[in-house]
Amino acid sequence: MLVASWLAVTLGLAKFGLPSQWAIAAFFLGPLAAVVAPLLARRPTWRRIRLRSAGKMDWGFAATAAGVGLACFLGTLWWPQSPAVLARQVPQTPQIPSGAPSTQALFSCRVINVHDGDTLRCDDGVRVRLHAVAAREMDETCSSGHPCPDASGAAARIELTKLAANRTLACRRTGRSYNRVTAICDNDDGVEVNCAMVKGGTTLLWERFHRRQPICRSGDEL
């Protein structure tokens with residue numbers, strides 16, 4: 001019972017977010033209080049204590065004490081945490097800009113490589129596919145079912161390099177494409193890279209994905 005009561009108090013203090021000094025005090029004073037309190041509560045019955053010390057155990061009292069201690073311990077362990085403690089435990093997510101779907105997530109991308117006209121790589125290894133933008137492959141082909149711009153893949157890569165290479169982009173994730181994150185990204189000059197690539201004429205707007213999440217959020221006509 002003594003151990004269970006001690007653990008119950010200590011866990012309770014930690015669980016409900018009370019000051020650490022309180023938990024320390026409970027750690028050291030809990031056992032002392034657990035020993036002294038029962039003795040003071042049963043002070044008039046010294047004869048019973050002497051009888052127990054002589055070998056006569058009050059098994060009913062022992063079972064009750066053990067049950068109460070176990071109930072205190074389990075109750076403290078499983079008791080719902082306070083809202084303040086739960087709030088501190090919830091990881092904070094980046095704030096989503098107004099007008100953006102709540103399912104999106106913001107992330108930063110320091111660009112170390114521009115693969116082609118619509119794909120780049122961040123310094124943490126993440127590959128980013130520009131949302132709603134279609135460029136030719138570097139072998140100048142277009143995948144089946146993809147929009148196929150007149151501009152070459154090399155020209156699109158040069159344009160994306162100007163906008164993104166060795167810059168830190170602020171991106172809003174919109175989904176996944178194979179092993180790439182699809183995103184709408186702004187460079188450190190505040191230029192939306194997706195919109196600029198389409199307006200520059202080296203890539204085409206992919207209407208199907210643009211309808212799901214429009215690019216050029218400034219409202220400029222494409």
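Accessible areas come from the Shrake-Rupley method with a 1.4 Å probe. The model shown in these figures is a predicted one.

**Figure 1. Overview of the predicted chain and its surface.** The chain contains eight helices and seven strands. About 13,800 Å² is exposed by the chain, and carbon and sulfur atoms supply 61% of that area. Of its 222 residues, 32% count as buried. Among the contacts with a separation of 6 or more, 54% are made by residues 24 or more positions apart.

**Figure 2. The largest pocket and the elements that line it.** Rolling a probe the size of a water molecule over the atoms shows where empty space is left. The largest pocket holds about 530 Å³ of space. Its lining consists of 34 residues, and those that lie nearest the centre are R129, S177, T182, W206 and F209. Two or more lining residues come from each of the elements β3 (127-130), β5 (168-177), β6 (180-186) and α8 (207-212). The most is given by β5, which provides five residues. Sorted by class, the lining of the largest pocket comprises 10 nonpolar, 13 polar and 11 charged residues.

**Figure 3. The aromatic pair formed by W206 and F209.** The structure holds one aromatic pair. In this pair, the rings of W206 and F209 lie 5.0 Å apart, centre to centre, with 85 degrees between their planes. The arrangement is edge-to-face because planes over 60 degrees apart are classed in this way. W206 has a relative accessible area of 10%, and it is therefore buried, as the limit is under 20%. F209 has a relative accessibility of 23%, so it counts as partly exposed. Both W206 and F209 also belong to the residues that lie nearest the centre of the largest pocket.

**Figure 4. The loop residue A132 and its positive phi.** A132 is located in the loop between β3 and β4 (133-134). Its phi is near 65 degrees, a positive value in a residue other than glycine. The relative accessible area of A132 is 4%, and this residue is therefore buried.

**Figure 5. The loop residue Y178 and its positive phi.** Y178 is found in the loop between β5 and β6. Although Y178 is not a glycine, its phi is positive, at about 60 degrees. Y178 has a relative accessible area of 77%, and it is exposed because this value is over 50%. The two strands that flank this loop, β5 and β6, each give two or more residues to the lining of the largest pocket.

Technical notes. Residues numbered from 1 in each chain as written. Predicted model: local features only at pLDDT ≥ 70, side-chain atom pairs only at ≥ 80, totals over all residues. Heavy atoms only, no water. 1 Å grid on protein atoms, 1.4 Å probe; cavity = no way out; pocket = protein on both sides within 12 Å on 5 of 7 lines; lining within 4 Å. Points joined across faces, edges and corners; volume = space filled by probe spheres on them. Helix = DSSP H or I, 4+ residues; strand = E, 2+ residues; numbered from the N terminus. Nonpolar A, V, L, I, M, F, W, Y, C, P; charged D, E, K, R; others polar. Buried < 20%, exposed > 50% of the residue type's maximum accessible area, 1.4 Å probe, protein only. Contact = heavy atoms within 4.5 Å. Phe/Tyr/Trp six-rings, centres within 6.5 Å; stacked < 30°, edge-to-face > 60°.
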